[in-house]
Amino acid sequence: MGAAPDVPDGSDADRFADAYRLLSPQVRGYARRQVPDDLAEDVVAETFLVLWRRWADAPHGPDHLRPWVFGVARNKILRVREQHHRALRSVASVAAAEPARPHGADPAVEVAAADRARRLLDHLPPAEGEAMALTVWAGLTPGEAAEVLGCSVTALTSRLSRARGRLATLLAQDAAADADGRGRDDRP
């Protein structure tokens, strides 16, 4: 039989529990803004499973554990997104063969807003979208986000600046579309 994985024991288990209590709401909020809500809990669970299994390898300083955990969450989100997009492509190919059915309006304003924000971020280059998601949605400092993304703070702030400019342009186009009377489906 193989050796047991490096998992927390004794006081380490207490430190893990403290880290989970502190970081899981933050990771959950970050994940919910990156992937559909039904997949966000999977991201949180998988992120903390990795932390549990790799507790001995994880940095334990308060300035380093948070970016490390968000780095794991980011990797999980990227994997979940790819799996989700693959599934959507499969569903789309099946749906193309089915007659169209009318869709009901989405009653959850928050869900619609989060979806719109995800669509807006999808219009950004990936590096800029990730920088925005980590700093704005996840609440990481620029230093922490730079550590997660493996870049300098200067590069991260440059990405944020470019992203803000692109988002301002997209929102201005959105406002112009409202003034022109185009439908919601014509906008990002």
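Q: Why is Phe-16 called buried?
A: In this predicted model, Phe-16 has a relative accessible area of 11%. Buried means under 20%, so Phe-16 with its 11% earns the word.

Q: What makes Phe-16 and Trp-52 an aromatic pair, and why is the pair called edge-to-face?
A: Their rings lie 4.9 Å apart, centre to centre, and ring centres have to be within 6.5 Å to pair. The planes meet at 75 degrees. Since an angle over 60 degrees counts as edge-to-face, that is the name this pair gets. The structure holds four aromatic pairs.

Q: How do you know that this pair links distant parts of the chain?
A: Look at where the two residues sit: Phe-16 is in helix H1 (residues 11-34), while Trp-52 is in helix H2 (residues 37-53). They are 36 residues apart. Trp-55 belongs to the picture too, as it forms one aromatic cluster with Phe-16 and Trp-52.

Q: Why is Trp-52 described as partly exposed?
A: Its relative accessible area is 30%. Partly exposed covers what falls between the 20% and 50% limits, so Trp-52 at 30% fits there.

Q: What makes the contact of Glu-41 with Arg-28 a salt bridge?
A: The closest N and O atoms are 2.7 Å apart, and the limit is 4 Å, so the contact qualifies. Glu-41 lies in helix H2 and Arg-28 in helix H1, so the bridge ties together parts that are 13 residues apart in sequence. Glu-41 is partly exposed at 39%, and Arg-28 counts as partly exposed at 23%. A search of the whole structure finds 10 salt bridges.

Q: How do you know that Asp-37 and Arg-32 form a salt bridge?
A: Their side chains meet at 3.2 Å, N to O. That value is within 4 Å, so the pair counts. Asp-37 is partly exposed, with a relative accessible area of 34%, and Arg-32 is partly exposed with 40%.

Q: Why do Arg-162 and Glu-128 count as a salt bridge?
A: Their closest N and O atoms are 3.1 Å apart, which is within the 4 Å limit, so they count. This pair links distant parts of the chain: Arg-162 in helix H7 (residues 153-180) and Glu-128 in helix H5 (residues 126-137), 34 residues apart. Salt bridges with shared partners join Glu-128, Arg-162 and Arg-166 into one network.

Q: Is Glu-128 buried or exposed, and why?
A: Glu-128 has 3% relative accessibility; the limit for buried is under 20%, so Glu-128 counts as buried. Its partner Arg-162 is partly exposed, at 40%.

Terms used. Residues are numbered from 1 along each chain as its sequence is written. This is a predicted model: local features need pLDDT of at least 70, side-chain atom pairs count only at pLDDT 80 or more; totals for chains, interfaces and linings use all residues. Side-chain values use heavy atoms; hydrogens and water are left out. Rings of Phe, Tyr and Trp (its six-membered ring) pair if their centres lie within 6.5 Å; planes under 30 degrees apart count as stacked, over 60 as edge-to-face and the rest as tilted. Helices (H or I, at least four residues) and strands (E, at least two) are DSSP runs, numbered from the N terminus. Buried means under 20% relative accessible area, exposed over 50%, partly exposed in between (1.4 Å probe, protein chains only).
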